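Trainee: I would like to test some labels against their cut-offs. Shall we take them one at a time?

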Amino acid sequence: MPSSEPAALVVERVSKSFADRTLLDGVSMRIEPGERVALLGESGVGKSTLLNLIAGLEPVDSGRIRYGAIEVTALDAGAAAAFRRRNVGFVFQAFHLLPYLNAERNVAVPLLIDGTAPGPALAAARELLARVGLADRATAMPRELSGGEQQRVALARALVHGPGLVLADEPTGNLDPRSAGLVLALLAEQVRDSKASLLMVTHSAQAAAIADRRWRLDAGGLHEDRNDGP
Ligand SMILES: Nc1ncnc2c1ncn2[C@@H]1O[C@H](COP(=O)(O)OP(=O)(O)OP(=O)(O)O)[C@@H](O)[C@H]1O
Ligand SMILES: [Mg+2]
């Protein structure tokens, strides 16, 4: 399967406001290749927004984001989509599964749009679904899956193309502790095996435990978090 070489992610003095509300005010950070970072912070503080900026899904107001040699903040919409296809696995807070495709086809999408033949793409999708405990749900439609099952499908889809950068927004937010354990084990293993970098928004201590570092976003900006609590 294709996989992208992990690279350093560098966020330089990035600012972002919506209407009159400044969420990010000159935020800087750096994630080394293979580093795993948990991002904590109160609801509404801008965590999902920061992931969207890094993925090139939203424009910054000012500042710069680089992933290796790619200047994400300089990409147009088409080039940003290609950057995500090649380099980024995004687990969205709200899953965003395609409602008209079954689970295995949802997972196979990143491979199919990058030119992998359907047979191998679906085989890779089924293998990942088995690893998140959904081997027997591969042909189920999203509407037939529970929230936690949809979350696991979304995780499998984010990992199937071997991205160098995994952005995960509350990947265990809808899961019971056992399913959360499965998802975290897969995420940690996949990220380690492919030497991918991980930026994971989470409120869960169980999830934050797979990270090397913890950062907290608040009105004052982004700080290294040295508390033991979530
Ligand atoms: N496209 C947008 N247009 C206008 N306001 C937005 C937009 N996206 C986000 N916001 C606002 O920015 C603020 C931060 O949103 P964001 O989703 O980044 O928060 P969050 O830290 O991820 O919160 P949560 O933990 O609840 O998911 C919210 O007040 C939200 O309403
Ligand atoms: Mg959010």
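Mentor: Start with L98. Its relative accessible area is 27%. Keep in mind that this is a predicted model.

Trainee: Why is L98 called partly exposed?

Mentor: Set the value against the limits. Buried means under 20% and exposed means over 50%. L98 has 27%, so it falls in between and counts as partly exposed.

Trainee: Where is L98 found?

Mentor: In the loop between strand 6 and helix 3 (103-112).

Trainee: Which residues is L98 in contact with, leaving aside its neighbours within four places in sequence?

Mentor: N106, V109, P142 and R157. The cut-off is heavy atoms within 4.5 Å.

Trainee: How far apart are L98 and E42?

Mentor: In sequence, 56 residues. In space, 29 Å from C-alpha to C-alpha.

Trainee: Now T172. What makes T172 count as buried?

Mentor: Its relative accessibility is 8%. Buried means under 20%. The value of 8% meets that limit, so T172 counts as buried.

Trainee: Which elements does the loop with T172 lie between?

Mentor: Strand 7 (165-169) and helix 6 (177-193). Beyond its neighbours within four places in sequence, T172 has contacts that include A180, V183 and L184. Q151, T202, S204 and A207 are also in contact with T172.

Trainee: How do you know that strand 7 is largely enclosed by the rest of the structure?

Mentor: Count its residues. In strand 7, 5 of the 5 are buried, so the description holds.

Trainee: Which way do the residues of strand 7 point?

Mentor: L165, L167 and D169 point one way. V166 and A168 point the other way. All of them are buried. In a regular strand, side chains alternate between the two faces of the sheet.

Trainee: What makes strand 6 and strand 7 a pair?

Mentor: Pairing needs at least two bridges. Strand 6 (residues 88-91) is joined to strand 7 by 4 bridges, so the two count as paired. They run parallel. G89 stands opposite V166 in strand 7.

Trainee: How many bridges join strand 7 to strand 8?

Mentor: There are 5, and these strands run parallel. Strand 8 covers residues 197-201. Its M200 is the bridge partner of A168.

Trainee: What is the strand order in the open sheet of 4 strands?

Mentor: The order is 2-1-4-5, with antiparallel pairing.

Trainee: Why are strand 2 (21-31) and strand 5 (70-71) called edge strands?

Mentor: Each pairs on one side only.

Trainee: How do you know that strand 1 pairs with strand 2?

Mentor: By the bridge count again. Strand 1 (residues 9-18) shares 7 bridges with strand 2, and at least two are needed, so they pair. They run antiparallel. K16 has L24 in strand 2 as its bridge partner.

Trainee: Step back to the whole protein. What makes its radius of gyration agree with a compact globule?

Mentor: For 230 residues, a compact globule would have a value near 17 Å. The protein has 17 Å, so the two agree. Its C-alpha atoms fill a box of roughly 45 × 40 × 35 Å along the principal axes.

Trainee: How many helices and strands are there, and what share of residues is buried?

Mentor: The protein has 7 helices and 10 strands. Buried residues make up 53% of the 230.

Terms used:
Residues numbered from 1 in each chain as written. Chains lettered and ligands numbered in written order. Predicted model: local features only at pLDDT ≥ 70, side-chain atom pairs only at ≥ 80, totals over all residues. Heavy atoms only, no water. Rg over C-alpha atoms; globule rule 2.2 N^0.38 Å. Buried < 20%, exposed > 50% of the residue type's maximum accessible area, 1.4 Å probe, protein only.
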